[in-house]
Amino acid sequence: MVRQGGEYQVGEYSVRRAAPDDVEGARSLMLDTFYREMGTGYVPAFHVDVIDLERTYLRTPGQALFVAERGGEVVATGGVRSGGPKSPPNPLWLAEHYARGATAQLVRTYVRPAHRRRGLARALVDLCCEFAAESGYDTAYLHTNPEIDGAEPFWRSLAKEVLDERPDGEPVVHFEIALPQSRS
């Protein structure tokens, strides 16, 4: 992984902040993930940001979308949104714990199956965490579906578990990830 300015070169992939030209490819990857990997399809209550990625991530201060692309194709995404988990569907104590304004939520970290295990997710998370720190956040929260191949071990290698909801019948594990010191 080689850093060049605001992006990483990971083998033949460019990992960088998304531009308007990346929006359709990013949306396609996200929707494919919802339908093919998660089996949930598009759920408006949870996925409304995907419909207007440009407004949500490219035009809203304190929020950002990052992509990995190769040959003009977006093959991985990762985003930062302001705020922590909401209740419902998450436990009230968890939502209250992250309710303060200094929490960034890492979201939409997806890699197309044919491009996994190449360092793309890690590079995306690095850029997301750098952005969060530079934007003034002091905490980063995320949750994952441990039933998706590789998701749980990946996040356990980078973050600390806050809550595992599997004993309660929910396929969700919540994590907190350390942010680097801000350079600003």
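Visitor: How many of the 184 residues of the protein chain count as buried, and how should I read such a figure?

Guide: The idea is to ask how much of each residue stays accessible once the rest of the chain covers it, with buried meaning under 20% relative accessible area. In this predicted model, 49% of the 184 residues of the protein chain count as buried. The surface that the chain exposes comes to about 9100 Å², and carbon and sulfur atoms supply 50% of it.

Visitor: What does the radius of gyration of the protein chain say about its overall form?

Guide: One compares the value with what a compact globule of 184 residues would have, which is near 16 Å; the protein chain has 15 Å, which agrees. The C-alpha atoms, taken along the principal axes, fill a box of roughly 45 × 40 × 30 Å. The secondary structure of the chain comes to six helices and nine strands, and among contacts between residues at least 6 apart in sequence, 67% join residues at least 24 apart.

Visitor: How far apart are the mean positions of the positive and negative charges of the protein chain?

Guide: For the 21 positive and 26 negative charges, the two mean positions are 2 Å apart. At the level of individual pairs, the structure holds 17 salt bridges.

Visitor: Which parts does the pair of arginine 81 and aspartate 49 tie together?

Guide: With a salt bridge, one looks at the distance and then at where the two partners sit. The side chains of arginine 81 and aspartate 49 meet at 3.2 Å, N to O. Arginine 81 belongs to strand β5 (residues 73-82) and aspartate 49 to helix α2 (residues 44-51), so the pair ties together parts that are 32 residues apart in sequence. Aspartate 49 is itself buried, its relative accessible area being 5%.

Visitor: Where in the chain are glutamate 152 and arginine 156, and what separates them?

Guide: Both residues are in helix α6 (residues 151-156), and because they are four residues apart there, about one helical turn separates them. Their side chains form a salt bridge at 2.9 Å, N to O. Glutamate 152 is buried, with a relative accessible area of 14%, whereas arginine 156 is partly exposed at 35%. Salt bridges that share partners join Glu152, Arg156, Glu161, Asp164 and Arg166 into one network.

Visitor: Are aspartate 52 and arginine 55, which also meet in a salt bridge, buried or partly exposed?

Guide: Aspartate 52 is partly exposed, with a relative accessible area of 30%, and arginine 55 is likewise partly exposed, with 46%. The distance between their side chains in the salt bridge is 3.2 Å, N to O.

Visitor: Histidine 115 is in a loop, so to speak outside the helices and strands; is histidine 115 buried or exposed?

Guide: The assignment to a loop and the degree of burial are best read separately. Histidine 115 has its place in the loop between β6 (103-111) and α5 (120-134), and it is buried, with a relative accessible area of 7%. Leaving aside its neighbours within four places in sequence, histidine 115 is in contact with Tyr13, Arg70, Val75 and Leu120. Alanine 99, in the loop between α4 (92-97) and β6, counts as exposed at 60% relative accessibility.

Visitor: Which residues does a cis peptide bond join in the loop that holds proline 88?

Guide: Here the angle omega is the quantity to inspect. A cis peptide bond joins serine 87 and proline 88, with omega about -15 degrees, and another cis peptide bond joins proline 88 and proline 89, with omega about 10 degrees. Proline 88 lies in the loop between β5 and α4, as does proline 89.

Visitor: What is phi of arginine 108, and what is phi of arginine 117?

Guide: For each of these arginines the sign of phi is the point to note, together with the setting. Phi of arginine 108 is near 55 degrees, a positive value in a residue other than glycine; arginine 108 is found in strand β6 and is buried, with a relative accessible area of 10%. Phi of arginine 117 is near 65 degrees, again a positive value in a residue other than glycine, but arginine 117 is found in the loop between β6 and α5 and is exposed, with a relative accessible area of 65%.

Notes: Residues numbered from 1 in each chain as written. Predicted model: local features only at pLDDT ≥ 70, side-chain atom pairs only at ≥ 80, totals over all residues. Heavy atoms only, no water. Helix = DSSP H or I, 4+ residues; strand = E, 2+ residues; numbered from the N terminus. Rg over C-alpha atoms; globule rule 2.2 N^0.38 Å. Buried < 20%, exposed > 50% of the residue type's maximum accessible area, 1.4 Å probe, protein only. Contact = heavy atoms within 4.5 Å. Areas by Shrake-Rupley, 256 points an atom, 1.4 Å probe, with all protein chains shown as cover. Lys, Arg positive; Asp, Glu negative; His and termini not counted. Charge placed at Lys NZ, Arg CZ, Asp CG, Glu CD. Salt bridge = Lys/Arg side-chain N within 4 Å of Asp/Glu carboxyl O.
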